[in-house]
Structure formats: C-alpha cells, structure tokens
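Pulled up the two-chain model today. I wanted to see how the copies sit against each other.

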Protein chains: 2
Amino acid sequence: MADLSLVTVDDVRAAADRIAGVAVRTPLLPSLWADPDRPLWLKPESLQATGAFKIRGALNAIGSLSADERRRGVIAHSSGNHAQAVAYAAKLAGVQATIVMPDTTPEIKQNLTRSHGAEVIIVPPDERDTYSAKLVDAHGFVSIPPYDDPRIIAGQGTVGLEILAELSDVDVVLVPVSGGGLSSGVALTVKALRPEAAVVLVEPELAGDAAESLRTGERVTWTTAQTYRTMADGLRTTSVGVLPWEHLRRYVDGVVTVTEDEIAEAVRVLARKARLVAEPSGAVATAGYLFHADELPAGRCHVAVVSGGNVDPAQYAALLDGGR
Amino acid sequence: MADLSLVTVDDVRAAADRIAGVAVRTPLLPSLWADPDRPLWLKPESLQATGAFKIRGALNAIGSLSADERRRGVIAHSSGNHAQAVAYAAKLAGVQATIVMPDTTPEIKQNLTRSHGAEVIIVPPDERDTYSAKLVDAHGFVSIPPYDDPRIIAGQGTVGLEILAELSDVDVVLVPVSGGGLSSGVALTVKALRPEAAVVLVEPELAGDAAESLRTGERVTWTTAQTYRTMADGLRTTSVGVLPWEHLRRYVDGVVTVTEDEIAEAVRVLARKARLVAEPSGAVATAGYLFHADELPAGRCHVAVVSGGNVDPAQYAALLDGGR
C-alpha cells in the first residue's frame, strides 16, 4: 500500500452523509443496571438491517465509486457480516456484487447473501484470496476489502460520530477489535472531537493479536490455529490491517482482553438487561466494561459498542441457558 | 370520569417535548427478512431503559404535575412495566413514588422497583385498588394510572409521532392492545397525521376482550380467569379503559387476534432475524403481521410496535429452544 495517509474526521463526516437514511442511526441506550459510578450506554449496531456495523463501511465504499467502477461491479470475500453488508449495499446502489465464500460457510449465510441479489462463488478456504484476485483481473470487478481501506474505516467511524453527537461528555469508549476497521474509525473520530476521552479496544484473550501489537508497539500476526479458538467468530482475524494499525497505534488509549466465560456472560447480560441479541463478538466490549473495570482509564461516562447480533440460533439458546 | 374529552395530537406533541432526551427515541428498523410486497419496520420499545414503552406515559404524567402535586408524591399500582416506569420517571423528576404491588409479584421486579428509589408496598392482589385509594386519602399522593388517563395516552402517543416522522408513507400500523393506553395514543396520532394509514390492534386470542369490544361496538369485560390464560402477561387486562375506548372506537381500523403458538414463534423470529429480545406481549403485533396478512387492510409499508422486552430469563431460553 503506497498511500498510508490517515483517515480524517472530515472523511467520516462525508461518509455520514453518504450512508444517511440507509444505515440505521442506532440509539445510544442508557443502562440502568450498570455501575452508577460508571454509567454505561450501549451502541447497538446489532440493529442494523444486516445485523452488524459492517453495513456502514460497505455503503460508504460503494457510495464512493466512480460511474465507471459502478458499471464494473464489486467483489468481496467473506463468510460473515462483511459479505451480507456488501451484497446489501450493492443492491441498494444498483451495483452487481460477487461474493467469494469459503466452502465452510454455513448454507444459511450463503443463501442470505444470494437473497440480496449477489452472485456467490464457493471456493476452498485457501483459494479465497487468489480466486478473488483472478476475478478482479478477468472481469475488472472493484474489490471492497473488509477493513484495510480508508473508505471502510471512514464508514465505520460514523459510529463514533453518532456517539459524540448523543453524549458529548463521554469519557471511555469501548470497542471490539479484529481487523481494525471499526476500532480505527471510532478511535480517530473520538480523538478528533473529544481528545480527552479514552478509546479502549477489547479483544478475546484467545485471539489477542491486537493486544499484543499495542503492547509491543509492533503489528504482530497470530496463526488461525490460535485465533480460531475463540467463540467470537467475528474477531478471528490474525492481525489488524496495515492502514488500521496506523490509526490504532496513534489514537488508542488502551486494550483489554476478555475470556470466553466473560464473553458468554456478557451475551447473557445483554439479553436479560439490555434486551439485545448480541453475537459473542458483539458482546466483547460489554465484557470489558463488566469484568475489567480496574484496567480501564479513569472516567465516568462509558460507551460500549455492541457490534453485531448474527449468532446461530442453537448456539444462542445454549448460551442463554448458561452454557458457553 | 366526568371529562371524556379526547386527547389531541397537540397533547401528544407537548408530551414529546416533555419526554425528549429522557425516553429513548427508538429507531424504526427495516426488516430485510419480511415479505418484500409488504415491507416491515419494527419500532422496538423494548429498548427503553425500563424495557417497555410505559416510560413515555409515566414521564409525561409526572412531567405534567403542578409544584404542589410534585411535593405530595405519586402512587401507582402495578406488578409490571408500569411500576418500573413510574418509579424511574419519579426518580428522574425528584418526586417520591410509592408503588403498590400484589404479593404475587416476583421478587426481582420488586427489587428493580426499589432500585429506582420507590417505596414498594406489598398487598394481597384483591386489596391492590383499595389499598392504593387508602394511601391517596391518607397522604395526598397523586395517582398515576397505567392507561385510563389523558397524560398517559398522550405520552404513549409519542410512539406514533416518531413512526410518522421516520416513515411518512406508512400504510398499516400494528399495535398491541391491553388497557388501551399505547394503542389509543398511537391511533389518534396516526389518524391525525396520516388519515389514510390504517391502525390495527393485535391481541392474544385468549385475552381478546378488546377484539370483542371492537367487533360488537360495546366495551366488554372478560374475567381474569379468561385473560390469565395467555402467556402475554402484559396484555391480561380484562377490559380497555374508559377513556382509551373512546379513542379506539373512533380511530382504529381493525383488530386481529393471535394464538399462543403464533406469539411464541414471533418471539423467536424477533430474536433470530431482528436481534431483539421481546417479551411475549411485545411480540404480538409482529405475530399479527406474520400470521394474519389476509385479515389486514391493504397497504404496502407496515410497522409493528415491539412494546416491551421484560421476560423471565428461563422462560425466554425455553421459548428460543422451540417451546411455548
């Protein structure tokens, strides 16, 4: 990547204009059950139409295409929330989308993606990248990456913009980290608008590459054998992206890691007390608030981003029943 | 009740000003999984801080008190969502609240009510009304009724105001009915702002007093032995209130009743597809959309109000597991 210029809050504001009226402006929910000395608000991105924040970046990226790029169509590879988001955003924009999915993707997710009118191509997991590259070469498709892209970072940053608009005196913002699109977008936005607020990343201990990166100051990569141990299947990326990293190392104040039991308990708390269906990945920031207060920067008003709610129904029922 | 003058949309607008910034302005959520010929938006009142729409009416009623009334304090009798709402709204307003609860109220709900600073008085169920009246006489408390009150109706009507503000071309609004505070507030507001939209009540078949009332044109009363058969414990009121009835008979276009199995399935659909934790009472309007399309007025854009999400965790886990 030749150009590593950072995304600015003006880019985020432009993204907000592009996605207005399509992405849900999710409310900031007060949490009466939280510690009254550290009042908590939740930002429930699980309520987006595709069930996760990813729609913001996808809408911004596709909304930024030139007329020529729109004609060529877009391509993405993902088995998860990014696939849904690109397929849906492309449909709304009248742009053809091709989604490359590993053959391990559950059929329900393949069908959901097709239901938005996208062409779905199933490949062995290790051919995902090369196959996409081949299609780009052959058809001129425009690639929409999941996080390592300034348009994606700016789109996800609108979460931060909305938090500040509703709660201008926020002190601590907790955000999950995986590839770093959401976390870098939120971090740059919060720091631009309220530098005295702290942005804290939360990550599963079992997929703690970003935590290690921030602690060592070097962007490290874990193996999939490591990161696939966490049930938080949206946070198994083995390293943060190159461009997100440039934001995270500048703008982030801290990082905490959470255990699988803490994630499971946070899923239950969100259901019982906040009445939100969160996927495990979506519950990690809340787990950070609940179980790692002593590692967080001092501050009164806390926000936790609930990043998504796409969870297998059987797994969810088992979690609510007290399992992991 | 001497004065049966109807609540107006101006009363609802005044209520909106009173509750702004305290009640959550819940989003209107597009539902990609719904019938594309009858697109559906959900209004998730389950996301209010106390888990149900009731906070709107309580905030408006308490916000309307005179200085003298505020000094005297308020009283309500309820075992459920109205109790939480009055206790919380009173705390925010700096007004003392006394809540009379039947001794059948689960301890968790008693404690929640106390956690908002209310005094909770536990009485046998059949002494609830008389005991409250005694306290009003003895202490001069101001009674905040759950639905049969113009301030409550106006407060709940703000749900309708917000629906119209987001979706001005709505065609069919589905709203649950019990005592009639929410349904009459929404109905009068929708009819004032968009007379061509249809307002349809949804009620459990096993507590179908409002349906019978609307069909016969007379406000009928069922027995608690009848209404307590439904699992939708927020909708067991045995008749709609006197003042709500005057609105419902004028402004409502239709009513459908739903079975217990349909309610249970709607709870599951809301969890799996909309990522909302709904209590059975909160899912009935969605059940009406899902299972009674042929009884609804013609129209394209549908809204279903998800009225609340306070459900016992064990009951909820069982529902998600496929039970009733």
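Notes on confidence, symmetry and the interface follow.

Ground rules: this is a predicted model, where local features need pLDDT of at least 70, side-chain atom pairs count only at pLDDT 80 or more, and totals for chains, interfaces and linings use all residues. Residues are numbered from 1 along each chain as its sequence is written, chains are lettered from A in the order in which they are written, and side-chain values use heavy atoms, with hydrogens and water left out.

Confidence first. I found a mean pLDDT (the predictor's confidence in each residue, from 0 to 100) of 95 for chain A, with 99% of its residues at 70 or more. The predictor gives the complex an ipTM of 0.95 and a pTM of 0.96.

Next, symmetry. I laid chain A on chain B (least squares on C-alpha atoms of residues with pLDDT of at least 70 in both) and got an RMSD of 0.0 Å from a turn of 180° and a shift of 0.0 Å along the axis. The two copies are thus related as by a two-fold rotation axis.

Then the interface. I see 27 residues of chain A in contact (heavy atoms within 4.5 Å) with 27 residues of chain B. The buried area (accessible area, 1.4 Å probe, lost on putting the two parts together, summed over both) is about 2,200 Å², and carbon and sulfur atoms give 71% of that. On the chain A side, Leu32(A), Leu47(A) and Arg275(A) lose the most area to chain B, together 33% of what that side buries.

Last check: 100% of chain A's interface residues are also interface residues in chain B, so the copies meet through the same surface.
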